[in-house]
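I opened the notebook to look up empty space, a surface patch and a handful of residues. My entries are short, and each one starts from something I wanted to find.

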Amino acid sequence: MQKYSTRSIAILGLLSAATYVVGRFVQIPIPAVNGYVTLLDAGIFTVALTFGKKEGAIVGGLAAFLADLTSGFPQWMFFSLLIHGFQGYFGALTKKIWLNYLLSALTMVGGYFLATWVLYGFVAAINPFTNIPNLIQTTLGYVLGTMFSKLLERTGIAHGFKNN
């Protein structure tokens, strides 16, 4: 089990807060499924690709949980905790960017398909307005996360985090 220094925990807390803010305040409502599309994934993938898969999982799960809790969608928060946590983990699982994206997209779309089925039934889960926005959110998030990660790598911030 990896032990985190106080500094690393503080950085993860700040990254979770920043990702939460992006996910909470940049939302496009989707009334058909009682949910929304957000830029949360950009923060999750930025963290995963810059700091690592475990850090991506922590930030992804925590930020998504809090975004749903404070956005008026508490029925989704535990699903989001798991789905975005795994999404963050898979976002940096291998050295192959395309494989990471594919695993993350399958996690997001498949996870919310199952969650929608549990909450609203199979007919709601197979609705394209449910799944297509999740795919768009993941794709846009991965593209932005890859770009932001490359910018952060130039600053050397990840090097300092991983060596604490």
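These are my entries, in the order I made them.

**Entry 1: what kind of model**

I noted at the start that this is a predicted model. I kept that in mind for each entry below.

**Entry 2: the largest cavity**

I began with enclosed space. How many cavities of 30 Å³ or more are there? I found 2 cavities of that size. I then looked up the volume of the largest cavity, which is about 250 Å³.

Next I asked what surrounds this space. The lining of the largest cavity has 20 residues. Gly35, Tyr36, Trp76, Tyr112 and Asn134 are the ones that lie nearest its centre. I also listed the elements that each give at least two residues to this lining. They are strand S2 (35-38), helix H3 (53-71), H4, H5 and helix H7 (128-155).

**Entry 3: the largest pocket**

I turned to open space. The largest pocket holds about 200 Å³. Helix H2 (40-51) and H5 are the elements that give two or more residues to its lining. I counted 11 lining residues for this pocket. Nearest its centre lie Leu49, Ala92, Thr94, Lys95 and Asn100.

I picked Thr94 from that list and looked further. Where does Thr94 lie? I found Thr94 in the loop between H4 and H5. Its relative accessible area is 28%, so Thr94 is partly exposed. Setting aside neighbours within four places in sequence, I found Thr94 in contact with Leu99 and Asn100. Asn100 is also among the residues nearest the centre of the pocket. I then checked Thr94 against Lys53, which is 41 residues away in sequence. Their C-alpha atoms are 9.2 Å apart in space.

**Entry 4: a nonpolar patch**

I moved to the surface. Which residues make the nonpolar surface patch of about 410 Å²? I wrote down Phe78, Leu81, Leu82 and Phe86.

I chose Phe86 for a closer look. Phe86 sits in helix H4, which covers residues 77-90. I asked why Phe86 counts as partly exposed. Its relative accessibility is 46%, and partly exposed runs from 20% to 50%, so Phe86 fits that class. I also checked Phe86 against Met108, 22 residues apart along the chain. The C-alpha atoms of this pair are separated by 8.6 Å.

**Entry 5: Thr107, a partner of Phe86**

I followed Phe86 to Thr107. Leaving out neighbours within four places in sequence, Thr107 is in contact with Ile83, Phe86, Gln87, Phe90 and Tyr112. Thr107 itself is in helix H5. Is Thr107 buried or exposed? Thr107 counts as buried, because its relative accessibility is 16% and the cut-off for buried is under 20%.

I looked up one distance here. Thr107 and Phe90 are 17 residues apart along the chain, and their C-alpha atoms are separated by 8.3 Å.

**Entry 6: Thr116**

I stayed on helix H5, residues 97-120, and found Thr116 there. Thr116 has 2% relative accessibility, so I put it down as buried. What does Thr116 touch, leaving aside neighbours within four places in sequence? I listed Trp76, Gly121, Ala124, Ala125 and Thr130. I had met Trp76 before, among the residues nearest the centre of the largest cavity.

**Entry 7: Thr138**

I went on to helix H7, where Thr138 is found. Its relative accessibility is 0%, so Thr138 counts as buried. I then looked up its contacts, without neighbours up to four places away in sequence. They are Asp41, Phe45, Gln87, Tyr101, Ser104, Ala105 and Met108. Gln87 was already in my notes as a contact of Thr107.

**Entry 8: Ser16**

My last stop was helix H1, residues 6-25, where Ser16 lies. Is Ser16 buried or exposed? Its relative accessible area is 4%, so Ser16 is buried. I found that Ser16 touches Val59, Leu62 and Ala63, not counting residues up to four places away in sequence.

I checked one distance for Ser16 as well. Ser16 and Asp41 are 25 residues apart in sequence, and 12 Å separates them in space, C-alpha to C-alpha. Asp41 is one of the contacts I listed for Thr138.

Methods
Residues numbered from 1 in each chain as written. Predicted model: local features only at pLDDT ≥ 70, side-chain atom pairs only at ≥ 80, totals over all residues. Heavy atoms only, no water. Patch = residues over 30% accessible without salt bridge, like charges linked within 9 Å, V, L, I, M, F, W, Y side chains within 5 Å. Areas by Shrake-Rupley, 256 points an atom, 1.4 Å probe, with all protein chains shown as cover. Salt bridge = Lys/Arg side-chain N within 4 Å of Asp/Glu carboxyl O. Helix = DSSP H or I, 4+ residues; strand = E, 2+ residues; numbered from the N terminus. Buried < 20%, exposed > 50% of the residue type's maximum accessible area, 1.4 Å probe, protein only. Contact = heavy atoms within 4.5 Å. 1 Å grid on protein atoms, 1.4 Å probe; cavity = no way out; pocket = protein on both sides within 12 Å on 5 of 7 lines; lining within 4 Å. Points joined across faces, edges and corners; volume = space filled by probe spheres on them.
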